[in-house]
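Morning, everyone. I've got one structure to walk you through today, so let me put it up and we'll start in the middle.

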Amino acid sequence: MFKDFVVKFPQLSKLYLDLSSCSQLEEDFIKNLSRSISCLTCLIELSLNFAQTQLGNQEILILMPSLKHLGFLRYLKLDFSGSQGLDTLAIEGLCKALGSLEHLQGLAINLSQCTQLNNLDVKNLVCNIKKLRTLSKFFLSLVNVGPLHIETLQILMGHGGGLNQLTHLNLRLPLQYQNLGVSKGFARSFVPLLNLFSLELSLSVCQTGFKYLKEDILEGLVALPKLSRLYLDFYSHSYFMDQLLGSLGKVLNQLGLEELGLNLQGSLNIRTS
């Protein structure tokens, strides 16, 4: 039925499909959807929201091949958050599909709460995303995925080339810092992103490691000469928030920011003196 509807609009340039919380997505529907997307060869922008639908590997492997038919696609948004059955097979299918999108300029992937994914899966995904040479805007959410190794984070931030052309970066990451060496590694990860205009960071960090976080992030920010827009979200870490704000004030004097956002929700321990 969906294909019968879609084929009437082969000239579509943008498609936004929200199936979030639809818990009864049968395999036949996914097959039908995949065939339908394959027909939309004029698509420039595609958004597929499967949040909280509990998609499995099989559904991803059926759906992803449809993307290879979208030669004009410039912007892609995929939300698989809450699909706890996804593992290495799903990431391999996603990577293969991304490899066919040679002209992609914007990519957003939400894998939060996909708890079966591990560091190697994320590393594989990021390494394939780095091959997208025209990518300028990138969003990745990995809340409750991991723990991620510092090497993966450095690759994600551009080490080794491949993401140096990014102008907009939005990351939601779970970081479990265990020592200063790891945290300093994250600070150095910012260095290759010399064209970055907009940076949004949402970090879940264990409280024992938060005292290192301000040095990491703030040291990295100074290395971004074109940064004009900054948004930081360190929700729920109120114990060290006053320290962070003090350090942040010093760094902001060195940045030519035009827009600044700070999420201090839940920060009840900020001192006024």
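Okay, look at helix α4 to begin with: its buried residues are A90, I91, G93, L94, C95, A97 and L98. By buried I mean under 20% relative accessible area, with exposed being over 50% and partly exposed in between, using a 1.4 Å probe and protein chains only. Helices and strands here are DSSP runs numbered from the N terminus, H or I of at least four residues for a helix and E of at least two for a strand.

Before I go further, the caveats: this is a predicted model, so local features need pLDDT of at least 70 and side-chain atom pairs count only at pLDDT 80 or more, while totals for chains, interfaces and linings use all residues. Residues are numbered from 1 along each chain as its sequence is written, and side-chain values use heavy atoms, with hydrogens and water left out.

Back to α4. What do the buried residues of α4 pack against? They pack against α3 (57-63), β3, β4 (106-110) and α5 (119-129); contact, throughout, means heavy atoms within 4.5 Å. And at the start of α4, D87 has a side-chain oxygen within 3.1 Å of the backbone nitrogen of L89.

Zooming out, the largest nonpolar core has 71 residues. A nonpolar core is a set of buried Ala, Val, Leu, Ile, Met, Phe, Trp, Tyr and Cys residues joined through side-chain atoms within 4.5 Å. The residues with the most contacts inside this core are L46, F50, L76, L107, L125 and I129. Helix α4, residues 88-98, gives the core its largest share, six residues. Take L76 from that list: setting aside neighbours within four places in sequence, L76 is in contact with L46, L67, L98, L101, L104, G106, L107 and A108.

Now, Y75. Y75 sits in strand β3, residues 75-79, and counts as partly exposed because its relative accessibility is 33%. Together with I44 and F72, Y75 forms a nonpolar patch on the surface, with about 280 Å² of accessible area between them. For patches, the residues need over 30% relative accessible area and no salt bridge, with like charges joined within 9 Å and nonpolar side chains (Val, Leu, Ile, Met, Phe, Trp, Tyr) within 5 Å. The areas come from the Shrake-Rupley method with a 1.4 Å probe, and for residues only the protein chains shown count as cover.

On to charges. How many salt bridges does the structure hold? Three, where a salt bridge is a side-chain nitrogen of Lys or Arg within 4 Å of a carboxyl oxygen of Asp or Glu.

One of them joins K31 and E27, closest N and O atoms 3.4 Å apart. K31 and E27 are four residues apart in helix α2 (residues 27-39), so about one helical turn separates them. Remember that an α-helix has 3.6 residues a turn, so residues three or four places apart point the same way. K31 is partly exposed at 31% relative accessibility, and E27 is partly exposed too, at 32%.

Then there's R229, at home in strand β8, residues 229-233. R229 meets E200 in a salt bridge of 2.6 Å, N to O. That pair links distant parts of the chain, since E200 is in strand β7 (residues 198-205), 29 residues apart from R229. R229 also makes a salt bridge with E259, at 3.2 Å, N to O. Here the partner is in strand β9 (residues 259-263), 30 residues apart from R229. So put E200, R229 and E259 together and you've got a network of salt bridges. As for exposure, R229 counts as partly exposed because it comes out at 24%, and E259 counts as partly exposed at 42%.

R229 has a polar contact as well, 2.9 Å, side chain to side chain with S198. A polar contact is a pair of N or O atoms within 3.5 Å; within protein, one must be able to donate a hydrogen and the other to accept it, and residues adjacent in sequence count only if both atoms are side-chain atoms.

Last, the whole chain: nine helices and nine strands, with 50% of the 273 residues buried. Among contacts between residues at least 6 apart in sequence, 86% join residues at least 24 apart.
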